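Visitor: I would like a close look at one part of this model. Please take a single residue and work outward from there.

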Amino acid sequence: REVQHSDQERIALQRALALAALGVTGPARLALQAWRHRHLDDDEHEQLLIVEVLIEAFEGEHTGAHGRAAALRSLPRPESPGRERRSRAIRECMGAIVRAFDGRAEQGDLELLLRGPEVLPLLHWVTRYAAAAVCAQRGARDAVATLLEGAPEWPQDSAFALLHRDLTMVIA
């Protein structure tokens with residue numbers, strides 16, 4: 001309640017990012033609607049595109065997700081070397097997520113996905129499920145089972161509930 005108006009907008013974007021990273025696309029979209037699109041700083045623009053990529057990838061809107069991932073890659077990079085490396089790694093990981101859920105993983109995507117939580121811990125389950133999808137496409141059932149170990153029971157409105165069910169069927 002004590003947060004200033006501009007901070008509430010930033011919180012709404014972060015809420016949308018957290019919801020999208022949990023595969024809950026409907027509430028993530030609602031959080032974006034509550035957020036006022038004003039002039040974005042570079043970090044906010046990056047976060048917004050990450051949210052949009054995740055929503056579209058989870059909802060099977062692969063063309064849009066690929067387009068947003070391309071837009072994310074084309075954003076200006078931070079100038080400090082540490083932030084630039086992190087930003088590049090996040091952007092590469094987002095591309096790998098889209099390709100994994102689209103069934104078009106490329107060489108090196110699995111490694112990017114497995115390292116995803118190191119660069120953005122919020123992507124932990126997104127990258128694990130995307131990696132599991134890549135392994136399923138390659139017929140690596142044991143790897144799928146390992147990646148799904150410890151997964152929580154997802155609410156039915158999370159894309160992870162359906163993904164988990166589908167990937168579990170691959171294992172069986």
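Guide: What follows starts at one side chain, moves to the helix pair around it, and ends at another helix. The model is predicted. Take Val144. Val144 sits in helix α8, which spans residues 141-148. Is Val144 buried or exposed? Val144 is buried, because its relative accessible area is 0%, and the cut-off for buried is under 20%.

Which residues surround Val144? Leaving aside residues up to four places away in sequence, Val144 touches Ala132, Cys135, Ala136, Leu167 and Ile171. Thr168 is 24 residues from Val144 along the chain, yet their C-alpha atoms are separated by 8.2 Å.

Leu167, Thr168 and Ile171 lead to helix α9, where they are among the residues that meet α8. Helix α9 covers residues 159-171. Its axis and that of α8 come within 9 Å and cross at roughly 140 degrees. The pair is therefore oblique. The crossing is left-handed. On the α8 side, the contact uses Arg141, Val144, Ala145 and Leu148. On the α9 side, it uses His164, Leu167, Thr168, Val170 and Ile171. By class, these residues divide into 6 nonpolar, 2 polar and 1 charged.

Now turn to helix α6, residues 109-119. Here Asp109, Leu110, Leu112, Leu113 and Gly116 are buried. They lie on the same side of α6, because they cover an arc of only 160 degrees around the axis. What do they pack against? The partners are α5 (81-101) and α7 (124-137).

Notes:
Residues numbered from 1 in each chain as written. Predicted model: local features only at pLDDT ≥ 70, side-chain atom pairs only at ≥ 80, totals over all residues. Heavy atoms only, no water. Helix = DSSP H or I, 4+ residues; strand = E, 2+ residues; numbered from the N terminus. Buried < 20%, exposed > 50% of the residue type's maximum accessible area, 1.4 Å probe, protein only. Contact = heavy atoms within 4.5 Å. Axes fitted to C-alpha atoms, helices over the stretch in contact; angles between N-to-C directions. Parallel < 35°, antiparallel > 145°, perpendicular 65-115°, else oblique. Left-handed = near helix turned anticlockwise from the far one by under 90°. Nonpolar A, V, L, I, M, F, W, Y, C, P; charged D, E, K, R; others polar. Arc of directions from axis to C-beta.
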